[in-house]
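Dear colleague,

I am passing on the structure we spoke of, and I would be glad if you could look through it with the notes below beside you.

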Amino acid sequence: DECTLVMVCAGICVGNLVLPPSSTKQKNQAREKGKGGMASLSWQALKTNILCGDFIEAAYPSMERSAIINGFAYVAAGLSTEILLQRRVLSTAYMPLFVAIWLSNDRWGMGIACFVAFVVSLCGTLVANAISIRRP
């Protein structure tokens, strides 16, 4: 489902905002907040994901950079899809997050699937970025 893929991307974006990877941490500290780099991309993508239900492509640089993030993103998408299939959830794409959940035939199922997609990808991003910071 498109909405849960958007939440996978949102989790990756929040992870990059909370704990930037080491390769971009120094660059982002040198810039003013929101004026460039991974933090700017993540912030803009997060807003677009939640408010418009689009722009999953923003996760691609992080997924290409880290096999851990890539793996967790696939797991997040798979788990959320399994929830949707088991509960027979129908939903819509390209809507703000809360509207997509509200329009779904099973709001609880859609909400749980979105939550799982977000949390799993967020945790994977935090783990990957913590590992990248510890490396010299």
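What follows is an account of how one helix packs and of the spaces beside it.

Please keep in mind throughout that this is a predicted model.

The helix to begin with is H1, which covers residues 2–18 and packs with helix H5, residues 67–87, at an angle of about 145°, the two axes lying 9 Å apart. The crossing in which H1 passes H5 is right-handed. On the H1 side the contact is made by Thr4, Leu5, Val8 and Ile12, and these meet Ile69, Ala73, Ala76, Ala77, Ser80 and Leu84 of H5. Sorted by class, this contact of H1 with H5 has eight nonpolar and two polar residues, and no charged ones.

H1 also packs with helix H7, residues 107–134, where the axes come within 7 Å and cross at roughly 35°; here too H1 passes in a right-handed crossing. H1 brings Cys3, Thr4, Met7, Val8, Ala10, Gly11, Ile12, Val14, Gly15, Asn16 and Val18 to this contact, while H7 brings Met110, Ala113, Cys114, Ala117, Phe118, Ser121, Leu122, Thr125, Leu126 and Asn129. The contact of H1 with H7 has 14 nonpolar and seven polar residues, again with no charged residue.

Turning to the empty spaces, the count comes to one cavity of 30 Å³ or more, and the largest cavity holds about 50 Å³ of space. Its lining consists of Cys3, Val6, Met7, Asn49, Gly53, Thr92, Ala93, Tyr94, Met95, Leu97 and Ala100. H1 and helix H6 (97–103) each supply at least two residues of that lining, and the largest share, three residues, comes from H1. By class, the lining of the largest cavity has eight nonpolar, three polar and no charged residues.

The second largest pocket, with a volume of about 180 Å³, is lined by Leu5, Val8, Cys9, Ile56, Ala59, Tyr60, Met63, Ala73, Tyr74 and Ala77. The elements that give two or more residues to this lining are H1, helix H4 (60–65) and H5. Its residues divide into ten nonpolar, no polar and no charged. Leu5 and Val8 of H1 and Ala73 and Ala77 of H5, which belong to the contact between those helices, are among the residues that line this pocket.

With kind regards

Terms used: Residues numbered from 1 in each chain as written. Predicted model: local features only at pLDDT ≥ 70, side-chain atom pairs only at ≥ 80, totals over all residues. Heavy atoms only, no water. Axes fitted to C-alpha atoms, helices over the stretch in contact; angles between N-to-C directions. Helix = DSSP H or I, 4+ residues; strand = E, 2+ residues; numbered from the N terminus. Left-handed = near helix turned anticlockwise from the far one by under 90°. Contact = heavy atoms within 4.5 Å. Nonpolar A, V, L, I, M, F, W, Y, C, P; charged D, E, K, R; others polar. 1 Å grid on protein atoms, 1.4 Å probe; cavity = no way out; pocket = protein on both sides within 12 Å on 5 of 7 lines; lining within 4 Å. Points joined across faces, edges and corners; volume = space filled by probe spheres on them.
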